[in-house]
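Trainee: Could you pick a single part of this model and take me through it slowly? I would like to see how that part fits in with what surrounds it.

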Amino acid sequence: MRLKTLLTLAALVAVLPLAAEEKGSDTKGKFYFKKNCKSCHTKGGAAADLTPLSKTQAQWKKYFEGGKHGKGGDAIAPKLGTPAQVLDIKTFLINHASDSPQPETCGG
Ligand code: HEC
């Protein structure tokens, strides 16, 4: 194999994982988080208050990779939102996690 071909292949392999990572919408995620999650996850609500600050970026990433909502093991999507909405919510929560560059409480 020629060196140039090898280098091109190496570059492709380096770029692929980035291209494969899905990106949701931060703004839509904030909207859907309030709409789909805060209904329960609020002070005095059915579940513990939850904001982006509740977890670190790594913890949110791990939580959504698990794909399960709570102890019962129910899937997050489609029960709590369409897969696209859940991806947006994931993006919003990670972007504003406690150790993110822009931590955000989402109105408490
Ligand atoms: C119908 C009410 C309800 C809605 C809506 C809801 N949750 Fe929950 N959630 C709960 C309850 C109750 C628990 C705790 C019991 C359990 O773990 O099953 C919980 C547990 C959790 C936990 C685990 C606690 C922790 O800190 O690890 C997370 C994270 C979570 N929910 C995130 C979400 C997200 C994100 C959404 C929106 C996509 C959402 N929830 C929507 C009721 C709800």
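Mentor: Happy to! Let's begin with a term: two residues are in contact if their C-beta atoms, placed from the backbone, lie within 7 Å. With that in hand, look at the protein chain of this predicted model: among its contacts with a separation of 6 or more, 68% come from residues 24 or more positions apart. The chain has 4 helices and 0 strands, giving the pattern α-α-α-α along the sequence. It has 108 residues, and 20% of them count as buried.

The part I would choose is helix 4. It covers residues 83-95, which is 13 residues. From first C-alpha to last, helix 4 reaches 18 Å, close to the 18 Å expected at 1.5 Å a residue.

Now, is helix 4 enclosed or open? A residue is buried if 20 or more other C-beta atoms lie within 10 Å of its own. In helix 4, 10 of the 13 residues are buried, so this helix is largely enclosed by the rest of the structure. You can find the buried ones on your screen: Gln85, Val86, Leu87, Asp88, Ile89, Lys90, Thr91, Phe92, Leu93 and Ile94. The partners they pack against are helix 2 (26-37) and helix 3 (57-66).

Let's take helix 2 to begin with. Two packed helices are described by the angle between their axes and the distance between the axes. Here the axes of helix 2 and helix 4 come within 7 Å and cross at roughly 105°. That makes helix 2 roughly perpendicular to helix 4. On the helix 2 side of this contact you will find Asp26, Lys28, Gly29, Lys30, Tyr32, Phe33, Asn36 and Cys37. They meet Gln85, Asp88, Ile89, Thr91, Phe92, Leu93 and Asn95 of helix 4. By class, the residues of this contact are 6 nonpolar, 5 polar and 4 charged.

Seen from the other side, helix 2 has its own buried residues: Gly29, Lys30, Tyr32, Phe33 and Cys37. Helix 4 is part of what covers them. Cys37 has another role in the picture, as one of the residues that come nearest to the ligand, along with Cys40, Ala47, Gly70 and Leu80. There are 17 residues around the ligand, and this shell holds 9 nonpolar, 7 polar and 1 charged residues.

Next, helix 3. Ala58 lies in this helix, and its C-alpha is 7.9 Å from that of Ile94, although the two are 36 residues apart in sequence. Ile94 is one of the buried residues of helix 4, whereas Ala58 counts as exposed because it has 11 C-beta neighbours inside 10 Å.

What leads up to helix 4 is worth a look too. In the loop between helix 3 and helix 4 sits Pro78. Most peptide bonds are trans. The bond from Ala77 to Pro78, however, is cis, with omega near 5°.

Finally, follow the chain past the end of helix 4 to Ser100, in the segment after it. Ser100 counts as partly exposed because it has 16 C-beta neighbours inside 10 Å. Leaving aside residues up to four places away in sequence, Ser100 touches Gln57 and Asn95. Gln57 is 43 residues from Ser100 in sequence, yet their C-alpha atoms are 6.6 Å apart in space.

Methods:
Residues are numbered from 1 along each chain as its sequence is written. This is a predicted model: local features need pLDDT of at least 70, side-chain atom pairs count only at pLDDT 80 or more; totals for chains, interfaces and linings use all residues. Helices (H or I, at least four residues) and strands (E, at least two) are DSSP runs, numbered from the N terminus. A residue is buried if 20 or more other C-beta atoms lie within 10 Å of its own, exposed if 12 or fewer, and partly exposed in between; C-beta atoms are placed from the backbone. A residue is near a molecule or strand if its C-beta atom, placed from the backbone, lies within 6 Å of it. Ala, Val, Leu, Ile, Met, Phe, Trp, Tyr, Cys and Pro count as nonpolar, Asp, Glu, Lys and Arg as charged, and the others, Gly among them, as polar. The expected span of a helix is 1.5 Å times one less than its number of residues. Axes are lines fitted to C-alpha atoms, for helices over the stretch in contact, and angles run from 0 to 180 degrees between N-to-C directions. Angles under 35 degrees count as roughly parallel, over 145 as roughly antiparallel, 65 to 115 as roughly perpendicular and the rest as oblique.
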